Amino acid sequence: MPKAAPGKAGYHAPFAVMTTLFFIWGFITALNDILIPHLKAAFELSYTQAMLVQFCFFGAYFLVAPFAGKLIERIGYLKGIITGLSIMATGCLLFYPAAELGVYGLFLAALFILASGITILQVSANPYVAILGPQNTAASRLNLAQAINSLGHTLGPLFGALLIFGALQETTADATAVQLPYLILAGFIIVTACTFKMLHLPDVEAPHPENEISSKDDSIWRHPTLLFGALAIFLYVGAEVSIGSFLVNYFSEDHIGQMSEHQAGRMVSYYWGAAMIGRFVGAALTRFVPPAYVLASNALLAICMVLISVFSEGDLAVWSIIGVGFFNSIMFPTIFSLAIRGLGPLTSRGSGLLCQAIVGGAIIPLFQGLAADNFNVQVSFLVPALAYTYITWYALSGSKQPVSKSYAGITS
């Protein structure tokens, strides 16, 4: 298939189709926020042990992303998408024997495989959407795609609360409650993979101007904006995931929300719903306001919301921590688009590094888990607050590093 040039008319339909993928991995990722308290009760785990769910899930990004970037270079973005979906379906199907045998370690293995597929999907889909149109609106497109991702995050906890917690309101927590939800997901993913196989989407690639040096003469390690951005992604994902992972237990505490797990599970959707609203706002805002300034403002406001929740109780503590979701909204797509500016033929490798940095979702929750076990859940939210401090610096300074002259001229 001939390679399509980015920026031409007629990409609205392919972009709309691609947003389906953002919805799927958002939906599945948010299910972890329901899975964690359920498995914690079913296997009588500590907070730190329960956070191994996120450790295995997001640890896959660190291990798989470098290979995923090279895989995409070989087979292209579209075949990478189908490969990622196929691996995701396999991971979902493995939940059935894991639950049947009642072994926590098998759940962790299934989560790792599932996340490996999502990693390949992200390494394919994020740069595909970024390249699909003009470079100066890449942040806006990614914000809009991430808004659809947040819709998946919003509906995922409702789905999990209904099919997992809803089935157990009057019984002891049982690992087999996860079998039906993940079988449903596997079926949907398989259908999606078959649909993408039949569609004829444009196979885009980053343009290669004649005066551009070969990627063999350059390295992603020579681009400080990318490297600082990778750390920003590490801390952002870690903070967002860590907060979501603790919400059910946090809202269940007597001085916070006094909610049942089923009620708290539904409330988690508000956290992700706030991010969805924020991303629609951000998609419009970043067309007129420099994305770095929007990023800095949101990081500072996220810190304020966390501090309010830590030093309050009742409804104020509940809604302020939910409000962090709104300010998280534009962080990933904005950091991503700032970090890959001017990478040219190194874009897929840069994308791989950024997706590898999503391992922050594995590490930061463990630190918050340790804080929760040694202090309490409320104080533990200071851990993600520290992450937002670095993101503020990246927005105001780290993202302003000079872009390589070789690739700075790449536009639509």
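# Close-up views of a helical chain

Thr154 is buried, with 10% relative accessible area. This is a value from a predicted model, as are those in each legend below.

**Figure 1. Thr154 sits in helix H7.** The helix covers residues 138-165. Thr154 falls under the 20% limit for burial, and therefore counts as buried at 10%. Beyond its neighbours within four places in sequence, Thr154 is in contact with Ser269, Trp272, Gly273 and Met276. Three of the names to look for in this view are thus Ser269, Trp272 and Met276.

**Figure 2. The whole chain is built from helices, with zero strands.** There are 17 helices. The chain has 412 residues, and 60% of them count as buried. Among contacts with a separation of 6 or more, 85% join residues 24 or more positions apart. The chain exposes about 15900 Å². Carbon and sulfur atoms supply 65% of that area.

**Figure 3. Thr19 lies in helix H1 and touches Ala145 and Ile148.** Helix H1 runs over residues 12-42. The two contacts leave out residues up to four places away in sequence. Thr19 has a relative accessibility of 12% and counts as buried.

**Figure 4. Pro14, also in helix H1, is paired here with Leu132.** The two residues are 118 residues apart along the chain. Their C-alpha atoms are separated by 8.6 Å. Pro14 is buried, at 8% relative accessible area.

**Figure 5. Ile82 of helix H4 is in contact with Ala193, Phe196 and Lys197.** Neighbours within four places in sequence are left aside. Helix H4 spans residues 77-93. The C-alpha atoms of Ile82 and Thr195 are 9.4 Å apart. Along the chain, 113 residues separate Ile82 from Thr195. Ile82 is partly exposed at 22% relative accessibility, because the limit for buried is under 20%.

**Figure 6. Phe43 and Tyr104 form a tilted ring pair.** The structure holds 19 aromatic pairs. In this one, the ring centres are 5.4 Å apart and the planes meet at 40 degrees, so the pair is tilted. Phe43 lies in the loop between H1 and helix H2 (47-50), and Tyr104 in helix H6 (residues 104-131), so the pair ties together parts 61 residues apart in sequence. Phe43 counts as partly exposed, at 22% relative accessibility. Tyr104 counts as buried, at 13%.

**Figure 7. Phe58 and Tyr61 form a stacked ring pair.** The ring centres are 5.6 Å apart and the planes are at 15 degrees, so the pair is stacked. Both residues lie in helix H3 (residues 52-75). They are three residues apart, about one turn of the helix. Phe58 is buried at 3% relative accessibility. Tyr61 is buried too, at 1%.

**Figure 8. Ring pairs link five aromatic residues, Phe43, Phe95, Tyr104, Phe107 and Tyr182, into a cluster.** Phe43 and Tyr104, the tilted pair, are among them. Within the cluster, Tyr104 is buried, whereas Phe43 is partly exposed.

**Figure 9. A nonpolar patch of about 680 Å² lies on the surface.** Ile277, Val281, Leu285, Phe288, Val289, Tyr293 and Leu396 make the patch. Helix H10 (residues 261-285) gives the most to it, with three residues. Val289 comes from the loop between H10 and helix H11 (291-310). Val289 is partly exposed, with a relative accessible area of 30%.

**Figure 10. Cys92 and Cys304 illustrate two cysteine settings.** Cys92 is buried, with a relative accessible area of 1%. Cys304 is partly exposed, at 38%. A disulfide is a covalent bond between the sulfur atoms of two cysteines. A search of the whole structure finds zero disulfides.

Definitions and conventions: Residues are numbered from 1 along each chain as its sequence is written. This is a predicted model: local features need pLDDT of at least 70, side-chain atom pairs count only at pLDDT 80 or more; totals for chains, interfaces and linings use all residues. Side-chain values use heavy atoms; hydrogens and water are left out. Helices (H or I, at least four residues) and strands (E, at least two) are DSSP runs, numbered from the N terminus. Buried means under 20% relative accessible area, exposed over 50%, partly exposed in between (1.4 Å probe, protein chains only). Contact means heavy atoms within 4.5 Å. A disulfide is a pair of cysteine sulfur atoms within 2.5 Å. Accessible areas come from the Shrake-Rupley method with a 1.4 Å probe; for residues, only the protein chains shown count as cover. Patches are made of residues with over 30% relative accessible area and no salt bridge: like charges are joined within 9 Å, nonpolar side chains (Val, Leu, Ile, Met, Phe, Trp, Tyr) within 5 Å. A salt bridge is a side-chain nitrogen of Lys or Arg within 4 Å of a carboxyl oxygen of Asp or Glu. Rings of Phe, Tyr and Trp (its six-membered ring) pair if their centres lie within 6.5 Å; planes under 30 degrees apart count as stacked, over 60 as edge-to-face and the rest as tilted.
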